[in-house]
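Welcome, and please open the structure in your viewer. We will walk through it stop by stop, selecting a few residues at a time.

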Amino acid sequence: MQTDSPFNRLATAPAGSVTLEIDGRPFTAREGDSVAAALLAAGAVPSRTTPVSASPRAPYCMMGVCFECLVEVDGLANVQGCMVQVTDGMKIHRQSGARELTEGDFHEAV
């Protein structure tokens, strides 16, 4: 995984680390980081592409407002990466284009 990222951290007290996977590649992130921060630190941008035009997107607001950081986390699609803390063993996949519905993703109208 690329590690020469334009994402620069502020000087803080040392934190523990967690090991996770980004698109199947191992990466070590700081304990307490959000998924979006871990993606930026890993240089894993864009974090998704849009469903219609396939435009690249990356974490922007880092506070749950813009929805540009949508990723798949541990098999769950459309997770706001900025709102979820990394955990040891987490599997993150960047999203490309429109999601496909599979059985169980929707409920029939009653």
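Keep in mind that this is a predicted model. Begin by selecting glutamate 21, which is partly exposed because its relative accessible area is 28%, between the 20% and 50% cut-offs.

**First stop: two salt bridges of β7**

Keep glutamate 21 on screen and add lysine 91. The two side chains meet in a salt bridge, with 3.5 Å from N to O. This pair ties together distant parts of the chain: lysine 91 sits in strand β7 and glutamate 21 in strand β1, 70 residues apart. Lysine 91 has a relative accessibility of 38%, so it counts as partly exposed too.

Now select arginine 94 and aspartate 23. They form a salt bridge whose closest N and O atoms are 2.6 Å apart. Here again distant parts of the chain are linked, with arginine 94 in strand β7, aspartate 23 in the loop between β1 and β2, and their positions 71 residues apart. Arginine 94 is partly exposed at 30% relative accessible area, and aspartate 23 is partly exposed at 31%.

**Second stop: isoleucine 92**

Stay in strand β7, which covers residues 91-94, and select isoleucine 92. Is this residue buried or exposed? Isoleucine 92 counts as buried because its relative accessibility is 0%.

Next, show what surrounds isoleucine 92. Leaving aside neighbours within four places in sequence, its contacts are Leu20, Glu21, Ile22, Asp23, Val35, Leu39, Val71 and Glu72. You can also draw a C-alpha to C-alpha line from isoleucine 92 to glycine 81: they are 11 residues apart in sequence and 9.3 Å apart in space.

**Third stop: helix α1**

Val35 and Leu39, among the contacts of isoleucine 92, are also buried residues of α1. Select the whole helix, residues 35-42. How many of its eight residues are buried? Eight of the eight are, and the helix is mostly covered. Colour β1 (17-22), β2 (25-30), β5 (70-73) and β7 as well, since these are included in what covers the buried residues of α1.

Then step on to glycine 43, which follows α1 and has a positive phi, near 75 degrees.

**Fourth stop: β5 and its partners**

Bring β5 to the centre of the view. On one pairing, β5 and β7 run antiparallel, joined over three bridges. Look for glutamate 72 here, standing opposite histidine 93 in β7.

Now add strand β6, residues 76-80, which is antiparallel to β5 and joined to it by three bridges. Which residue in β6 is the bridge partner of valine 73? Leucine 76 is that partner. β5 and β6 form a hairpin with two residues between them, and in the turn you will find aspartate 74, with a positive phi of about 50 degrees.

**Last stop: a salt-bridge network**

Finally, select glutamate 68 and arginine 48. Their side chains meet in a salt bridge at 2.9 Å, N to O. The pair joins distant parts of the chain, as glutamate 68 lies in the loop between β4 (56-57) and β5, while arginine 48 is in strand β3 (residues 48-49), 20 residues apart. Arginine 48 is buried because its relative accessible area is 12%, which is under 20%.

Add Arg57 to the selection, and you have Arg48, Arg57 and Glu68 linked in a network of salt bridges. The count of salt bridges in this model comes to four.

Technical notes:
Residues numbered from 1 in each chain as written. Predicted model: local features only at pLDDT ≥ 70, side-chain atom pairs only at ≥ 80, totals over all residues. Heavy atoms only, no water. Helix = DSSP H or I, 4+ residues; strand = E, 2+ residues; numbered from the N terminus. Buried < 20%, exposed > 50% of the residue type's maximum accessible area, 1.4 Å probe, protein only. Contact = heavy atoms within 4.5 Å. Pairing = 2+ DSSP bridges.
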